Amino acid sequence: MTITILCAGALARPHAATPGSAPEADAPLPTALTDGAFARAMRRARVAAHHRQATLVPAELPEETWLRERFAVDGHVAACALPARETPDVELLVRPVHLQLALDHLVLAPLASLDIGHDEAEVLAAHADALLAEEGLQLRVVTPDAWRLSAGGAASADLAALAGLLARSARMAAGRNVDAYQPSGAAARRWRQLDNLVQMAWFEHPVNVAREAAGRLPVNGLWLEGRPGRPARRPFAQVAADDPAIIGLAQRAGAREVALDAHRRGDGATEPGIDVLLAPDFWRQAVGDGDALAWANAWQRFDDWFADLLRVSPRAVDAGLALVLTGERSTLELHRARADRWKPWRRLRLDRLLRQAA
């Protein structure tokens with residue numbers, strides 16, 4: 001049995017916003033990396049892999065790449081946030097977003113900053129759906145920040161073309177100039193036409209007028225996240241996660257899904273010999289906000305969570321443990337086997353490793 005813990009954003013330490021500031025100007029590294037339960041447990045671990053994306057604009061986030069490779073996904077990992085359905089029809093995940101006008105470009109606001117309510121989402125989606133229906137497309141709200149785009153009849157070919165685009169997740173593009181992160185491929189122009197249609201429909205819409213009057217960001221665009229991936233492998237028999245995309249991926253692979261807190265409480269017991277994936281989501285909000293102090297606090301929260309995991313499942317953790325830490329471009333994999341505790345010459349310094357890997 002091996003427990004794998006995926007820590008998305010754990011390497012993406014936000015830095016001070018002052019131009020020229022050194023990393024040392026940020027909040028100090030948390031004690032969890034030097035003397036916490038996590039640091040002590042991983043002291044005899046080994047570095048199994050370290051990857052860094054070299055392309056100017058990567059196609060996906062490092063954790064998305066890791067998941068895609070493990071599950072052998074054909075499609076977009078981020079789009080698995082759509083609940084799995086027993087249908088062969090093509091469907092796409094689109095998200096309502098706010099595009100902020102900068103000096104000469106548009107910047108995508110973090111999804112959490114939009115804070116769209118379910119009623120607002122339903123009204124905006126219905127208005128956009130009335131226009132898209134003329135194109136043979138259908139837009140439906142799944143959750144306030146995740147909508148399903150589908151098609152019927154002759155428009156199915158149109159939707160299939162959109163499914164073939166290279167679409168990057170909104171999480172990846174947040175806070176950046178969107179020009180380099182827009183969907184690319186043969187049907188990119190068609191997507192821009194549809195997106196512009198929706199943007200015009202939402203301009204001065206009563207929902208947006210009310211949001212702006214209340215000091216909230218207007219919803220002024222759609223972000224295409226692509227077609228949900230189809231996994232060809234089931235590398236983990238059990239998956240516990242906070243991220244809807246990982247939950248959806250596990251469902252599609254046929255893995256048993258359990259609540260993440262079940263392991264912390266001790267009632268998420270697993271069968272002997274099975275591989276388990278745990279994906280706590282402590283760092284993502286801090287990384288999206290660029291908050292170095294919140295990122296350090298996220299490490300401390302993780303250390304508390306990890307200490308509880310050790311307390312309730314000591315034998316399971318001792319049998320085999322793998323840590324996958326990701327940043328904006330980097331992926332670091334640490335492995336610790338039962339026999340590693342008898343290797344006193346190995347002393348892994350997590351704080352130093354993090355500085356090097358990030």
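This is a short walk through the fold of one chain, from overall counts to its two sheets and two cores.

What you have on screen is a predicted model. The chain has 358 residues, and 49% of them are buried. In secondary structure, we are looking at 14 helices and 15 strands. If you take contacts between residues at least 6 apart in sequence, 71% of them join residues at least 24 apart. On the outside, the chain exposes about 16800 Å², with 52% of that area supplied by carbon and sulfur atoms.

Let me start with the seven-stranded sheet. In what order do its strands run? The order is E2-E15-E14-E1-E13-E11-E12, in an open sheet with mixed pairing. At the edges stand E2, residues 46-52, and E12, residues 256-257; each has a single partner strand, so one side of each is left without a neighbour in the sheet. For one pairing in detail, look at E11, residues 238-241: four bridges join E11 to E13, and the two run parallel. One residue pair to click on is Val 239 and its bridge partner in E13, Leu 277.

Two helices to show against this sheet. Helix H9, residues 244-253, packs on the sheet and touches E1, E11, E12 and E13. The direction of H9 makes about 165° with that of E11. Helix H12 lies across E1, E13 and E14, and runs at about 165° to E1.

H12 brings us to the cores. As a general point, nonpolar side chains in soluble globular proteins tend to be buried together. Here, the largest nonpolar core holds 40 residues, and the members touching the most others are Ile 5, Trp 299, Phe 302 and Leu 323. Which elements supply at least two residues each to this core? They are strands E1 (3-7), E13 (276-279), E14 (320-326) and E15 (330-337), together with helices H1 (37-41), H12 (292-312) and H14 (350-357). H12 gives the most, with eight residues.

Take Trp 299 as an example. Leaving aside its neighbours within four places in sequence, Trp 299 is in contact with Ala 10, Pro 30, Ala 32, Leu 33, Phe 38, Trp 283, Leu 325 and Leu 354. Apart from this core lies another one, of 31 residues; its members include Leu 92, Leu 124, Leu 132 and Leu 139.

Now the four-stranded sheet. This one is also open, with the order E7-E8-E4-E9 and antiparallel pairing. E7, residues 137-143, and E9, residues 221-226, are the edge strands, and each pairs on one side only. On average, neighbouring strands in this sheet are turned by 35° against each other, direction ignored. Between E4, residues 91-97, and E9 there are five bridges, and these two strands run antiparallel. Within that pairing, Val 94 has Leu 224 of E9 as its bridge partner.

Which helix packs on this sheet? H7, residues 188-202, does, touching E4, E7, E9 and also E8, residues 146-151. Its direction makes about 145° with that of E9.

Last, the cysteines. How many disulfides does the structure hold? Zero. As for burial, the cut-off is under 20% relative accessible area. Cys 7 is at 0% relative accessibility and therefore counts as buried. Cys 80 is also at 0%, so Cys 80 counts as buried too.

Note on methods. Residues are numbered from 1 along each chain as its sequence is written. This is a predicted model: local features need pLDDT of at least 70, side-chain atom pairs count only at pLDDT 80 or more; totals for chains, interfaces and linings use all residues. Side-chain values use heavy atoms; hydrogens and water are left out. Buried means under 20% relative accessible area, exposed over 50%, partly exposed in between (1.4 Å probe, protein chains only). Contact means heavy atoms within 4.5 Å. Accessible areas come from the Shrake-Rupley method with a 1.4 Å probe; for residues, only the protein chains shown count as cover. A nonpolar core is a set of buried Ala, Val, Leu, Ile, Met, Phe, Trp, Tyr and Cys residues joined through side-chain atoms within 4.5 Å. A disulfide is a pair of cysteine sulfur atoms within 2.5 Å. Two strands pair if DSSP finds at least two bridges between them. Axes are lines fitted to C-alpha atoms, for helices over the stretch in contact, and angles run from 0 to 180 degrees between N-to-C directions.
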